[in-house]
Number of protein chains: 2
Amino acid sequence: MTTTTAAQRRAEAKTRFDAFLAACPSRKLLDRISDKWVVLVLCALSGGPHQAEAGNGGGPHPMRYSQLARMLAGVSQKMLTQTLRSLERDGLITRTVTPTVPVTVTYELTDLGRSLLGPVRGLKSWAETHMSTVLANREAYDARA
Amino acid sequence: MTTTTAAQRRAEAKTRFDAFLAACPSRKLLDRISDKWVVLVLCALSGGPHQAEAGNGGGPHPMRYSQLARMLAGVSQKMLTQTLRSLERDGLITRTVTPTVPVTVTYELTDLGRSLLGPVRGLKSWAETHMSTVLANREAYDARA
DNA sequence: CAGGATCCAGTAGGATACTG
DNA sequence: CAGTATCCTACTGGATCCTG
């Protein structure tokens with residue numbers, strides 16, 4: 001019989017869709033940059049166009065772990081380490097250990113990592129242009145409750 | 001005395017940083033598009049450049065709830081509804097109710113929503129170009145355990 | 001048809017303490 | 001200095017049932 005066909009086909013469709021998503025490069029990228037700290041670390045390593053603190057207008061430069069930790073004061077060291085590891089794993093940054101007296105570890109963007117800054121800046125640009133409108137829409141929507 | 005100064009200053013810095021993030025437009029946008037289904041819905045409403053099913057090469061078109069649910073088979077109706085609501089709230093899509101016999105609800109991208117497709121396609125493009133490299137890096141990293 | 005309401009598991013991620 | 005290890009909470013998001 002075909003009593004459960006509808007549910008079955010739904011389940012099948014879901015499976016196929018999930019498989020599709022698992023293979024989708026865009027989805028993988030989104031999963032990566034969604035990681036809440038990934039983009040912040042990337043920007044920090046790119047010379048940091050967002051920090052209101054040290055006025056460094058220079059180019060992209062290597063950074064030490066503790067520098068990053070100070071710049072991104074809101075991230076726990078657990079997440080910072082985890083984020084750095086995953087970025088290194090993906091080949092977006094390099095991790096260099098210099099065996100000085102207390103070890104020195106520096107992180108730096110790879111070419112691949114730098115290439116990702118382009119699209120990211122695209123998002124940033126859109127955000128700076130349109131986000132205020134979005135926020136206004138939000139308020140308006142909530143107000144007409 | 002200044003015994004706890006270090007911890008205090010850390011906490012202060014974190015507070016400032018969190019406040020900064022809360023105000024940062026880019027962060028807000030990231031929070032939005034991280035929503036796991038937002039981008040999928042946006043793409044679906046844009047004419048869906050990613051589905052392997054119906055070969056519709058046409059332009060952006062309104063879509064009914066059930067159409068979306070079928071296309072994005074992997075999303076629960078709860079999340080679909082939630083996503084659609086938040087996008088409507090942000091003014092990225094419109095929701096139109098037509099009181100036919102069983103009600104008909106259609107969703108459509110607004111101009112604002114369409115403008116977001118640009119940056120998103122930027123990401124998509126990067127993903128399609130570089131994601132295989134990232135995956136290779138990942139495997140290499142894991143292999144050298 | 002389009003969604004609201006409820007329950008529930010998995011996990012992201014923060015706080016804290018310890019180490020080579 | 002640059003992490004690792006452990007514990008614990010809160011939220012995300014799926015499944016299921018119900019409604020105008």
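Colleague: How far does a polar side-chain atom of Ser76(B) lie from a phosphate oxygen of DNA strand D?
Modeller: The model is a predicted one, and the distance is computed from its atoms. A polar contact requires a pair of N or O atoms within 3.5 Å. For the polar side-chain atom of Ser76(B) and a phosphate oxygen of DNA strand D, the separation is 3.3 Å.

Colleague: Which residue of chain A has a side-chain N or O atom 3.2 Å from a phosphate oxygen of DNA strand D?
Modeller: Chain A offers a phosphate oxygen of this strand a polar backbone atom of Val105(A), at 3.3 Å. The 3.2 Å distance, by contrast, involves a side chain, namely that of Arg85(A).

Colleague: What percentage of the atoms of DNA strand D within 4 Å of the protein belong to sugar or phosphate?
Modeller: Atoms of DNA strand D within 4 Å of the protein belong either to bases or to sugar or phosphate. The share of sugar or phosphate is 64%.

Colleague: Which residues come nearest to DNA strand D?
Modeller: There are 19 residues around DNA strand D. By class, this surface has seven nonpolar, six polar and six charged residues. Those that come nearest are Ser66(A), Arg95(A), Tyr107(A), Lys78(B) and Met79(B).

Colleague: Which helix of chain B supplies at least two residues of the surface near DNA strand D?
Modeller: From chain A, helix H4 (65–71), helix H5 (77–89) and strand E3 (104–109) each supply at least two residues of this surface. From chain B, the element that does so is helix H5 (77–89).

Colleague: Is H5(A) roughly parallel or roughly perpendicular to H6(B)?
Modeller: H5(A) and helix H6 (residues 111–143) of chain B have axes 8 Å apart and pack at an angle of about 110°. Angles of 65 to 115 degrees count as roughly perpendicular. H5(A) is therefore, with respect to H6(B), roughly perpendicular.

Colleague: Which residues of H6(B) does H5(A) meet?
Modeller: H5(A) contributes Arg85(A), Glu88(A) and Arg89(A). By class, the contact of the two helices has one nonpolar, one polar and five charged residues. The residues met in H6(B) are Asn137(B), Arg138(B), Tyr141(B) and Asp142(B).

Colleague: Which residues of H5(B) make the contact with H6(A)?
Modeller: H6(A) and H5(B) pack at an angle of about 110°, with their axes 8 Å apart, which makes H6(A) roughly perpendicular to H5(B). On the side of H6(A), the contact is made by Asn137(A), Arg138(A), Tyr141(A) and Asp142(A). On the side of H5(B), the residues are Arg85(B), Glu88(B) and Arg89(B).

Colleague: How many bridges pair E2(B) with E3(B)?
Modeller: E2(B) and E3(B) form a hairpin with five residues between them. Within the pairing, Arg95(B) stands opposite Tyr107(B), and Thr96(B) stands opposite Thr106(B). The two strands run in the antiparallel sense, and the number of bridges is six.

Colleague: Which strands of chain B stand at the edges of the sheet?
Modeller: The open sheet has three strands in the order E1-E3-E2, with antiparallel pairing. E1 is joined to E3 by two bridges, with Arg64(B) opposite Thr106(B). Each edge strand has a single partner, so one side of each is left without a neighbour in the sheet; these strands of chain B are E1 and E2.

Colleague: What angle does the direction of helix H3 of chain B make with that of E3(B)?
Modeller: Helix H3 (residues 38–45) of chain B packs on the sheet and touches E1, E2 and E3 of that chain. Its direction and that of E3(B) make an angle of about 95°.

How values were computed. Residues are numbered from 1 along each chain as its sequence is written. Chains are lettered from A and ligands numbered from 1 in the order in which they are written. This is a predicted model: local features need pLDDT of at least 70, side-chain atom pairs count only at pLDDT 80 or more; totals for chains, interfaces and linings use all residues. Side-chain values use heavy atoms; hydrogens and water are left out. A residue is near a molecule or strand if one of its heavy atoms lies within 4 Å of it. A polar contact is a pair of N or O atoms within 3.5 Å; within protein, one must be able to donate a hydrogen and the other to accept it, and residues adjacent in sequence count only if both atoms are side-chain atoms. Helices (H or I, at least four residues) and strands (E, at least two) are DSSP runs, numbered from the N terminus. Ala, Val, Leu, Ile, Met, Phe, Trp, Tyr, Cys and Pro count as nonpolar, Asp, Glu, Lys and Arg as charged, and the others, Gly among them, as polar. Axes are lines fitted to C-alpha atoms, for helices over the stretch in contact, and angles run from 0 to 180 degrees between N-to-C directions. Angles under 35 degrees count as roughly parallel, over 145 as roughly antiparallel, 65 to 115 as roughly perpendicular and the rest as oblique. Contact means heavy atoms within 4.5 Å. Two strands pair if DSSP finds at least two bridges between them.
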